[in-house]
Amino acid sequence: MRPRKSIAKHAGPAGLGAVALCATAALAVAGCGSGAPTSSSSGSAAPASLTVWRMGASTPAQVTWMNGVVSQFHKAYPGYAKTAVKVVYVPWTTATTEYTNALSSGKNAPDVTEIGNTETPTNASLGMLANITSEVNGWSNKSDIVPGMLANDTQNGSIYGVPWFGGVRGIWYRTDEFKAAGITSTPTTWAELTSDAKKLQQKYPGTYGLGAPSDYTNAIVSFVWGAGGQVAVQKNGKWTAELNSPQSEAGLKFYADLYLTNKVSPSKYIGQTELGNPGATSGGTNEDFALGKLDMYIDGPWAEPELEQVSAKYKSDWASFPIPSQNGPSPAPAFAGGSDLAVWVSSKYKTADWDLIKEMDSTSNATSFANLQGFFPAFTSQLSGGAYGGSQVMSGFAKAATVTQISPLNAKNWATADTTDQIIPTMMKSLMQGANFTATVNSANTQLENVLNTGSKS
Amino acid sequence: MAETVESPGRRRLSPPAVGARPDQRNRPGLLARAGRRRAASAPGANRPGQARAGAFIRRHRLGPYLLLLPSLIGIGLILAWPTIQVGILSFQNFGLGQLSGAAPTQWVGFSNFTNILHDPEFWLALRNTVVFAAAVVVLTLLIGTLVGLLLHHLGRRMATFVSSATLLAWATPVVSASVVFYWLFSPDGGIVDWSLSKLPGWLGGGAHWAAFNWTTSGALPAYTVLTFIVVWMGFPFIAVTVLAGLKTIPAELIEAARVDGASPWRSFWGITYPLMKPIFLVLLLLSIIWDFGVFTQTYLITGELGNRDEYNLSLYAYDKAFTLPPSYGLGAALALILTVILLITTVGYVRASVRQGAIS
């Protein structure tokens, strides 16, 4: 539900023991894992039950939606009428641990799983996901998928998942504050963005204009892209990191300067994610925005239920606009986060799995599900209809969704770069703490290039 | 005067305080007695085969080893074998792909080790670990000893009250303690930031403390919080152990010293400390080992794995070994490096103390 968490940084310690034991015992007992994945091409027999892993917390609306899908599934495929569908809600924060445990122990694995789209390439290369190329090729919805989203799920010509929903970040603001501060239109350049942030800060003493947490790769990249830079580009199979190009540096400097020189972001966000201290689900920019202590903050539309939970006091004034590019007028490209649906590699019922996925990802079901949680469906036919223009909150995000990018956040080694080594958050934290700009960016750039190419920093 | 106070203590009293020699004297006797009893009561003792085996065991003095065997097997299974496995893994590229069979396992020589030793973050984590351990070991031992002495001097009721209060700190689950301190130091309404912001400037307070983020603003503030937690949870054990040691020191010795006009300071260093040196040594070793590998508190306070400038070696190893994509080979290499560092530290102390004759 939270694409930021789809680059799940914060694998909890829950599964540590099991993994550790398994790692050390692996050689002794001929492998903890399933060894060679057992493939079953028959799949004609109806399974007694299918396990579906969903990410995030279960909400009543989601449960209702899923029950509806299951009953459609039973109706559409009478052969599965007696197949129970078991849904397990896995928190984003422990998803990677759960995946690792399921793969390494070969136990308690799902049949069908939702998976953060930035994780799909890594997990496919680790052997977690089944190859569903022929199934997808025969799928009627394939041609309607937003271009590029399926490419993210493809490796060496094989498809390992299908897009389910997507989301982009934009900037949350309050219409009442903008009006009171005399801001008549939402900013479309960086200069306007900072001057508006300062105006708001002046109008509302004690608040900060625009939150800039340092541990926020998925927003920081928008500023790199918004100045015309790239994080890294791939040519002939080799990655070249470009964090130290003049354009990228302009973006990084702008973001760091939100705290350093413009002082529109407080020091406590250094080292934090948009949700507060790493590992927390509140206490950061999200909570401060809902409480009226922060005037603008960067997040996706999916944050709304949590904001409401903190405080619905200013709810009627909440609105959004896309992250501006350096010189406008079109917005900065936004990171296209979201979730895919995939079949687990060792599932015994691949045919049934795929039939269930088709039901969950049908045009109407995927659209209703995306709308339910503040996301956009992955189908062009649904996005171009102008269905989101009428909502104050969604219209800005819908505009942002028209200019998106995902590379290199879907590179095979991106998880190592961002989850294990945290190159961009660490660099941004150092910059905000006053480290030498050129040296810090250059060293991060070298590390990033090494990791993207070899999986190791040095 | 120092002579008259120290020498009798050393000669006559340190053996019972150490507690090793009487034990040693008893052990052969106990075993022999046990052997005899078994031989007499065993129903098949008159069978020649068993008698011969018994004789063989006695002649070669195998009894103690046989008794040790079950625990040796246990240790071999749960300690030695995994250690060997870790050793093997540290020379391989072993990760999740290798575990699932998606990629081949390869021998990579020393590259896991060179990778780690060339990573500046490893050295940063090592520095954090060593400085933090040094500070915490000194503080826990110091505070623990002082509280132990206090408990020794308090009346029965007050001692019970103080010791239960300190033991509560020790018994608090690590996660609860970390969360409590996390709240105390929270930038959003934590009492520490609030108090500091209300303090006058000449006391180091001021408005800049409001919303100061202790746990993410670098190693110094984060480890300040961690020092509070770990010392708070660690000193009661030291205090209770020191108290137990103090109870073994005959009151006459201290009294004699007092009669001779020794200050409490002088009698501590002249009597108490030499007699309790073995206890302090064990406490020191345990504290070093514990405080070198503090994981749970560090993980929770520094924001799981989100702030790399605040890593200690445990977090660094966990990050390398277990975050996706996991690299068990790298983690194993790190575990070996950590073990070697700890061995160097502890072996040094043990050798020094053996030479001093503190451990016989």
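**Exercise 1. Into which two domains is chain A divided, and what does each contribute to the contact between them?**

Begin with the ground rules: this is a predicted model, in which local features need pLDDT of at least 70, side-chain atom pairs count only at pLDDT 80 or more, and totals for chains, interfaces and linings use all residues. Residues are numbered from 1 along each chain as its sequence is written, while chains are lettered from A and ligands numbered from 1 in the order in which they are written.

Step 1. Chain A is divided into domain 1 (46-167 + 337-378) and domain 2 (170-335 + 406-454), with bounds that come from an automatic or database domain assignment. Taken over C-alpha atoms, the centres of these two domains of chain A are separated by 30 Å.

Step 2. The contact takes 13 residues from domain 1 of chain A and 13 residues from domain 2 of chain A, where two residues are in contact if their C-beta atoms, placed from the backbone, lie within 7 Å.

Step 3. On the domain 1 side, the largest share, 3 residues, comes from helix H5 (residues 120-125) of chain A; helices (H or I, at least four residues) and strands (E, at least two) are DSSP runs, numbered from the N terminus. The residues of that side divide into 2 nonpolar, 10 polar and 1 charged, with Ala, Val, Leu, Ile, Met, Phe, Trp, Tyr, Cys and Pro counted as nonpolar, Asp, Glu, Lys and Arg as charged, and the others, Gly among them, as polar.

**Exercise 2. Describe the nonpolar cores.**

Step 1. The largest nonpolar core has 126 residues, and those with the most contacts inside it are Leu129(A), Ile220(A), Tyr255(A) and Leu448(A). Such a core is a set of buried Ala, Val, Leu, Ile, Met, Phe, Trp, Tyr and Cys residues joined through C-beta atoms within 7 Å; a residue is buried if 20 or more other C-beta atoms lie within 10 Å of its own, exposed if 12 or fewer, and partly exposed in between, with C-beta atoms placed from the backbone.

Step 2. This core draws at least three residues from each of domain 1 and domain 2 of chain A. Not counting residues up to four places away in sequence, Tyr255(A) touches Ala212(A), Ile220(A), Phe223(A) and Met428(A).

Step 3. A second, separate core has 49 residues, including Ala219(B), Leu305(B), Phe322(B) and Leu330(B). Chain B comes to 16 helices and 0 strands, and 30% of its 360 residues count as buried.

**Exercise 3. In the sheet of 6 strands in chain A, locate strand E14 and its partners.**

Step 1. The sheet is open, has mixed pairing, and follows the order E2-E1-E3-E14-E6-E15 (chain A); two strands pair if DSSP finds at least two bridges between them. Its edge strands are E2 (84-90) and E15 (376-377) of chain A, each of which pairs on one side only.

Step 2. Strand E3 (residues 112-116) of chain A pairs with E14(A) in the antiparallel sense over 5 bridges, with Thr113(A) opposite Ala342(A) and Ile115(A) opposite Asp340(A). Strand E6 (residues 162-167) of chain A is also joined to E14(A) by 5 bridges and runs antiparallel to E14(A); here Gly166(A) has Gly338(A) as its bridge partner.

Step 3. In strand E14 (residues 337-343) of chain A, 7 of its 7 residues are buried. Gly337(A), Ser339(A), Leu341(A) and Val343(A) point one way, whereas Gly338(A), Asp340(A) and Ala342(A) point the other way.

Step 4. Helix H13 (residues 350-360) of chain A lies across E1 (49-55), E2, E3, E6 and E14 of chain A, running at about 150° to E14(A); axes are lines fitted to C-alpha atoms, for helices over the stretch in contact, and angles run from 0 to 180 degrees between N-to-C directions.

**Exercise 4. Is Lys268(A) buried or exposed, and which residues are in contact with Lys268(A)?**

Step 1. Lys268(A) lies in the loop between helix H10 (246-260) and helix H11 (285-290) of chain A.

Step 2. Lys268(A) counts as buried because 27 C-beta neighbours lie inside 10 Å.

Step 3. Leaving aside neighbours within four places in sequence, Lys268(A) is in contact with Pro187(B), Ala211(B) and Asn213(B). Within chain A, the C-alpha atoms of Lys268(A) and Gly211(A), 57 residues apart along the chain, are separated by 10.0 Å.
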